[in-house]
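Grab a pencil and work through these short exercises with the model open beside you. Each one sets a task and then walks through a solution.

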Amino acid sequence: MPEHGQLFTAATSRCELKEVFNPHTSNLDALSAAEIRIQNSTSPPFAFEGEEVLLFNLGSALTARVDGKDYELAHYDVLYVPLNKGFKLTHGGDDPGHVYAYRASGTEVHPVFHSSYADAQKNEERIRHLHRKVVYKMFDVSEGANKFMAGDTLFDEPNRARAH
């Protein structure tokens, strides 16, 4: 006898991508961003034609797979995904995964680059101490990309961290 089916709805989704802005909505020529929330699940493959992607992990640890290789992303880690390459996210556990996927148009393909927040905290060359905040250069001009340069800014006051 067949087993009963299970009802799946968007409201119960364990992986959700929401477009935050793109050139049509933001008046920015080359930059787009999407928010990905994932919990105890594996995403479908995401690929953005003509764009490179910078993934900022703002949630709990997860795994990103690019070109058959897995990259473990801890909280605040960054992963550069080359032009026209896809990625898939896998998350396990009760604390949700929360990733921002910044995208920019490009013409050249550069290698995948994983930037560890834990490593950046120990490398003074990647730290800028500014008034009431610290900037960790997570993806600097020395890394290959068409248009990206990014960092994590942590303010002295808790709960005011942001990626830029």
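Contact here means heavy atoms within 4.5 Å. This is a predicted model, where local features need pLDDT of at least 70, side-chain atom pairs count only at pLDDT 80 or more, and totals for chains, interfaces and linings use all residues. Residues are numbered from 1 along each chain as its sequence is written, and side-chain values use heavy atoms, with hydrogens and water left out.

**Exercise 1. Get the overall picture of the chain.**

Step 1: Start with secondary structure, taken as DSSP runs numbered from the N terminus (helices are H or I, at least four residues; strands are E, at least two). The chain comes to 2 helices and 14 strands.

Step 2: Check the contacts between residues at least 6 apart in sequence: 61% of them join residues at least 24 apart.

Step 3: Look at burial (buried is under 20% relative accessible area, exposed over 50%, partly exposed in between, with a 1.4 Å probe and protein chains only). Of the 164 residues, 42% are buried.

**Exercise 2. Work out how strand β7 is placed.**

Step 1: Strand β7 covers residues 78-81; V78 and Y80 point one way, L79 and V81 the other, and all are buried. In a regular strand, side chains alternate between the two faces of the sheet.

Step 2: Find the partners (strands pair if DSSP finds at least two bridges between them). β4, residues 51-57, pairs with β7 in the antiparallel sense over 4 bridges, and β10, residues 113-115, runs antiparallel to β7 with 3 bridges.

Step 3: Zoom in on L79. Its bridge partner in β4 is L55, while H114 in β10 stands opposite L79 too.

**Exercise 3. Find the nonpolar cores.**

Step 1: Use this rule: a nonpolar core is a set of buried Ala, Val, Leu, Ile, Met, Phe, Trp, Tyr and Cys residues joined through side-chain atoms within 4.5 Å. The largest has 20 residues, and those with the most contacts inside it are L54, F56, Y102, Y136, F139 and F148.

Step 2: Ask who supplies this core. Elements giving at least two residues each include β4, β7, β9 (97-105) and β12 (133-139). The largest share, 4 residues, comes from β12.

Step 3: Look for another core. One of 18 residues lies apart from the largest, with C15, I36, F48 and V53 among its members.

**Exercise 4. Sort out the aromatic rings.**

Step 1: Rings of Phe, Tyr and Trp (its six-membered ring) pair if their centres lie within 6.5 Å; planes under 30 degrees apart are stacked, over 60 edge-to-face, and the rest tilted. The structure holds 8 such pairs.

Step 2: Take F48 and F87, a tilted pair at 6.5 Å centre to centre and 35° between the planes. The two sit 39 residues apart, F48 in the loop between β3 (41-42) and β4, F87 in the loop between β7 and β8 (88-91).

Step 3: Why do both count as buried? F48 does because its relative accessibility is 15%, and F87 because its value is 1%.

Step 4: Compare Y100 and Y102, a stacked pair at 5.9 Å and 25°.

Step 5: Back to F48: ring pairs link F46, F48 and F87 into a cluster.

**Exercise 5. Describe the surroundings of M138.**

Step 1: M138 lies in strand β12 and counts as buried because its relative accessibility is 0%.

Step 2: Leaving aside neighbours within four places in sequence, its contacts include Y76, V78, F113, Y117 and A150.
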